[in-house]
Amino acid sequence: MMNVDTDQIIPKQFLKLIQRSGYGDFLFYDWRFDHGGNPKKGFILNDPKYKERQVLLTRDNFGCGSSREHAVWALFDYGIRVIIASSFADIFYNNCFKKGLLPIYLSQNEIEYLFNLVGKNDVSVEISLHEETISLTEKIINFNIDSTRKKILLEGIDEIDVTLRFNDRILNYEKASKIADYNKYLV
Amino acid sequence: MQKTLFDRIWDSHIVINNTQDENADDTNGPSLIYIDRHLIHEVTSPQAFASLKQSGRKVRRPSLTIATTDHNVSTDNRSLPIVDQVSKRQLETLSRNCEEFGITIYDMSSPDQGIVHVIGPELGFTLPGTTIVCGDSHTSTHGAFGALAFGIGTSEVEHVLATQCIWMYKPRSFLINVEGNLRKPHAITAKDIILSIIHKIGTDGGSGTVIEYKGKVISALSMEQRMTICNMSIEGGARAGLIAPDETTFNYLRGRRYSPKESELDKLIEFWKNNLKSDSNVKFDRVETINVDKLAPQVTWGTNPSMVVDVTDSIPSPEEFAEGDENKRKLAIRALEYMNLESGTPITGVHVDRVFIGSCTNSRLEDLIEASLVVKGRKVSTEVRAMIVPGSQKVKLEAEKLGLDTIFKDSGFEWRESGCSMCLGMNSDILSPGERCASTSNRNFEGRQGAGGRTHLVSPIMAAACAIEGHFVDVRDWL
């Protein structure tokens with residue numbers, strides 16, 4: 001479906017924790033479980049067939065709404081490693097790369113093609129970030145990803161380390177900028 | 001070169017342009033952007049501090065970050081102990097982290113506590129031309145001051161704490177002209193304008209962009225109304241909303257705690273006047289014009305903010321909503337089922353169980369004054385439980401000075417302590433399954449206000465009138 005928001009991915013009652021892990025059991029909680037905490041029949045992740053799947057296929061604007069990175073942590077903890085959608089909300093898309101989750105956007109036609117395919121049969125795919133390809137038995141679909149983000153995922157780069165290497169530049173900015181002057185009012 | 005307001009703020013904050021690796025000649029990469037202002041709260045910061053500590057890093061500029069507790073706090077009597085132990089631990093963790101790293105915190109005991117996007121402007125922390133981030137999507141609110149303000153995830157919170165910068169790909173620019181004349185400016189509010197904009201552009205219409213709102217309708221709005229507009233930019237998918245600062249903005253800033261003092265401020269105002277605007281002939285990546293001549297009060301009927309109609313209309317059929325898009329049709333069917341509504345029912349025929357006036361969208365003094373206009377001398381329907389949650393302790397105090405608390409309490413409203421409350425229901429202010437609520441908040445997602453709860457987004461005036469009548473009404477008839 002379209003517009004899957006982060007309130008659905010991880011409802012607010014699970015945002016009270018202070019660590020980064022342990023959210024997988026609460027993924028899509030209100031869709032997966034009834035008010036008594038029993039699995040709801042008919043929700044796809046409750047079908048034993050879909051247990052331990054690593055690729056999530058969805059439509060427009062996935063991850064819209066709240067900026068909660070907990071949504072990414074919940075998907076990752078649950079075992080999802082790749083999300084394929086026609087589009088993503090900006091903050092969610094950014095958050096994915098911080099945890100090593102790969103968000104792939106494809107055209108509407110390609111998304112419909114994949115939905116058709118998985119609607120008929122069990123499909124196994126091989127996804128290569130290096131090659132930027134999704135390999136199916138029938139064909140290979142190419143996807144695009146920005147080279148910096150690709151490198152971050154492939155090499156597991158710590159962005160704070162990268163930034164701190166530019167410390168001189170930040171210091172220079174702080175000295176030179178008129179805007180940074182505003183900040184003297186904060187002491 | 002002609003520039004947009006957004007270009008100007010962006011350009012003046014670039015530390016490194018378009019690359020993370022200057023040796024690689026990469027010119028399509030993210031830019032390192034300096035962050036002037038950082039707001040934190042209890043929910044999205046604990047993990048950031050934890051890994052900061054783990055890696056032995058410091059907070060680079062502690063004075064550029066301020067903290068408050070808002071998402072998780074009870075809006076009941078503050079002198080009572082916190083009942084929810086998990087919430088308590090999260091609140092205490094923030095206090096401890098702030099103490100350890102030297103960050104100013106306005107916690108539950110502070111007279112300045114409140115929703116992070118209410119207290120930032122209130123304290124004068126939010127200034128034109130600055131970059132502002134917070135681990136909260138509604139950071140777009142601060143764009144009302146001509147600041148580039150956007151929500152970030154927890155890892156980025158950590159990055160800002162450690163480096164005072166953020167890596168970001170430059171969003172595209174999107175101009176929304178708001179033209180025409182509001183027929184009844186008291187009954188038709190900034191909330192109705194932004195809901196009608198989201199109706200037009202859709203929940204992802206602004207994806208990848210920073211929206212600048214312009215036009216004489218916008219210029220005539222107060223700061224509080226401008227904040228309502230910019231606040232909900234994220235509901236249209238935009239990273240940020242922006243309104244160029246003008247006299248209204250400058251007057252708001254005078255005398256606030258962190259605002260520059262008079263003589264300094266005057267100099268800055270001159271600078272802002274000359275620099276913080278889009279050039280008249282600059283080309284935006286996208287332009288839309290909205291005319292408000294015929295704008296009626298807006299009420300959402302579905303489970304995202306674009307599912308909205310005029311109060312004089314009926315609930316649309318999935319086909320009407322979908323305009324030929326099969327996926328949208330399915331979405332509307334699901335929304336109607338979740339909301340337990342039937343196509344063709346007049347909006348004014350929809351009855352509510354709860355009314356919530358609050359949230360970073362609509363909990364400021366002006367919102368409460370507006371709501372009080374329709375409440376005064378009337379009684380809340382016996383079928384409705386209605387609550388007012390002021391955006392901050394300061395808003396609460398100012399409202400009490402004006403006697404608003406008495407007006408609300410006399411009519412049967414609950415008058416509560418400040419916090420995010422039932423906008424997201426992290427505390428005990430939640431809807432029970434099946435309950436229907438007229439809410440001044442920003443999201444009507446499934447379960448947003450409590451699992452199984454049904455949310456209709458409206459303006460404070462509409463919410464107040466709804467509390468009295470027990471159903472939606474055309475508030476233009478009241479004022």
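**View 1. Thr289(B) sits in strand 12 of chain B, which spans residues 286-291.** This is a predicted model, so please read each view with that in mind. Is Thr289(B) buried or exposed? The answer falls in between: Thr289(B) is partly exposed, because 13 other C-beta atoms lie within 10 Å, while a buried residue needs 20 or more. Setting aside neighbours within four places in sequence, Thr289(B) is in contact with Asn177(B) and Glu179(B). Asp266(B) is 23 residues away from Thr289(B) along the chain, and the C-alpha atoms of the two are separated by 34 Å.

**View 2. Helix 8 of chain B, residues 223-231, is largely enclosed by the rest of the structure.** Why is that said of helix 8? Because nine of its nine residues are buried. Take a stroll along the helix and you will pass Met223(B), Glu224(B), Gln225(B), Arg226(B), Met227(B), Thr228(B), Ile229(B), Cys230(B) and Asn231(B). What covers these buried residues includes helix 4 (116-122), helix 6 (190-201), helix 9 (247-253) and helix 13 (365-375) of chain B, along with strand 10 (209-214) and strand 11 (240-242).

**View 3. Here chain B meets chain A, with 64 residues of chain B in contact with 51 residues of chain A.** Which elements of chain B give two or more residues to the side that touches chain A? They are strand 1 (14-16), strand 2 (31-34) and strand 8 (165-168), together with helix 2 (46-54), helix 3 (85-101), helix 5 (154-163) and helix 12 (326-339). By class, this side of chain B has 31 polar, 22 nonpolar and 11 charged residues.

Conventions: Residues numbered from 1 in each chain as written. Chains lettered and ligands numbered in written order. Predicted model: local features only at pLDDT ≥ 70, side-chain atom pairs only at ≥ 80, totals over all residues. Contact = placed C-beta atoms within 7 Å. Helix = DSSP H or I, 4+ residues; strand = E, 2+ residues; numbered from the N terminus. Nonpolar A, V, L, I, M, F, W, Y, C, P; charged D, E, K, R; others polar. Buried ≥ 20, exposed ≤ 12 C-beta atoms within 10 Å, placed from the backbone.
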